[in-house]
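Colleague: Please show me the model, and then I will ask about its side chains.

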Amino acid sequence: MESTNVSFYPLFAVSANSTNKRAAWEFVKFTSGSEMAHARSRTMTGNLPSRTGYLKEFKGKSMEPFYMLKTQHNSVWMNDYVPIPFFGKFYKTLEEELQAVIDHKKSVDEAAAALEIKGQELLSKLQEEAKQKTKGNT
């Protein structure tokens with residue numbers, strides 16, 4: 001299987017103009033080191049760690065299948081299709097629909113259908129706004 005989404009966050013680097021290069025480099029080494037990887041493995045935040053030695057399973061489920069995915073080369077940036085404001089605005093809708101499922105007010109299928117409709121409406125609106133801004137700048 002292939003995955004089209006790989007994200008490297010957070011990334012740390014040392015500015016060439018830094019007045020504290022040594023301290024900054026020590027920080028980067030610490031955050032990238034095995035001690036921090038071990039600590040992060042105990043607090044799953046929704047991101048898969050790049051170091052696989054510390055998180056073999058989560059809640060009794062093997063993490064191995066996630067690491068078996070191959071990355072799919074895609075030269076098009078997602079932002080070409082999805083304006084950045086979409087994610088923040090859609091998140092609230094997502095929370096509302098998930099809460100409706102948790103509260104047994106909607107089935108998963110009903111919530112998914114509502115998310116698809118609301119998400120498409122929001123995406124279309126933001127894409128149109130982006131087009132208008134582009135026209136205004138030319």
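The questions below deal with aromatic rings, a nonpolar core, a helix face and salt bridges.

Colleague: What kind of model is this, and how are residues numbered?

Modeller: This is a predicted model, in which local features need pLDDT of at least 70 and side-chain atom pairs count only at pLDDT 80 or more, while totals for chains, interfaces and linings use all residues. Side-chain values use heavy atoms, with hydrogens and water left out, and residues are numbered from 1 along each chain as its sequence is written.

Colleague: How are the rings of phenylalanine 86 and phenylalanine 87 arranged?

Modeller: Rings of Phe, Tyr and Trp (its six-membered ring) pair if their centres lie within 6.5 Å; planes under 30 degrees apart count as stacked, over 60 as edge-to-face and the rest as tilted. The structure holds two aromatic pairs. In the pair of phenylalanine 86 and phenylalanine 87, the centres are 5.7 Å apart and the planes stand at 85 degrees, so the arrangement is edge-to-face.

Colleague: Which residue forms a stacked pair with phenylalanine 86?

Modeller: The stacked pair has 5.1 Å from centre to centre and 10 degrees between the planes. Both partners lie in helix α4 (residues 85-102), four residues apart, about one turn of the helix; helices here are DSSP runs (H or I, at least four residues), numbered from the N terminus. The partner of phenylalanine 86 is phenylalanine 90.

Colleague: Is phenylalanine 86 buried or exposed?

Modeller: Buried means under 20% relative accessible area, exposed over 50%, and partly exposed in between (1.4 Å probe, protein chains only). Phenylalanine 87, at 38%, is partly exposed. Phenylalanine 86 has a relative accessible area of 12%, so this residue is buried.

Colleague: Which helix supplies the largest share of the largest nonpolar core?

Modeller: A nonpolar core is a set of buried Ala, Val, Leu, Ile, Met, Phe, Trp, Tyr and Cys residues joined through side-chain atoms within 4.5 Å. The largest one has seven residues: Val82, Phe86, Phe90, Leu115, Leu122, Leu123 and Leu126. Helices α4 and α5 (108-137) each supply at least two residues of this core. The largest share, four residues, comes from α5.

Colleague: Why do the buried residues of α2 lie on the same side of that helix?

Modeller: The buried residues of helix α2 (residues 34-41) are Met36, Ala37 and Ser41. The arc is taken from the directions from the helix axis to the C-beta atoms. These residues are on the same side of α2 because they cover an arc of only 140 degrees.

Colleague: Which residues does glutamate 26 meet in salt bridges?

Modeller: A salt bridge is a side-chain nitrogen of Lys or Arg within 4 Å of a carboxyl oxygen of Asp or Glu. The N to O distance is 2.5 Å for glutamate 26 and arginine 22, and 3.3 Å for glutamate 26 and lysine 29. Both pairs lie in helix α1, with arginine 22 four residues from glutamate 26 and lysine 29 three residues from glutamate 26. The partners in this network are Arg22 and Lys29.

Colleague: Is glutamate 97 buried or exposed?

Modeller: Glutamate 97 meets lysine 118 in a salt bridge of 2.7 Å, N to O. That pair links distant parts of the chain, with lysine 118 in helix α5 and glutamate 97 in helix α4, 21 residues apart. Lysine 118 is partly exposed, at 35%. Glutamate 97 has 3% relative accessibility and therefore counts as buried.
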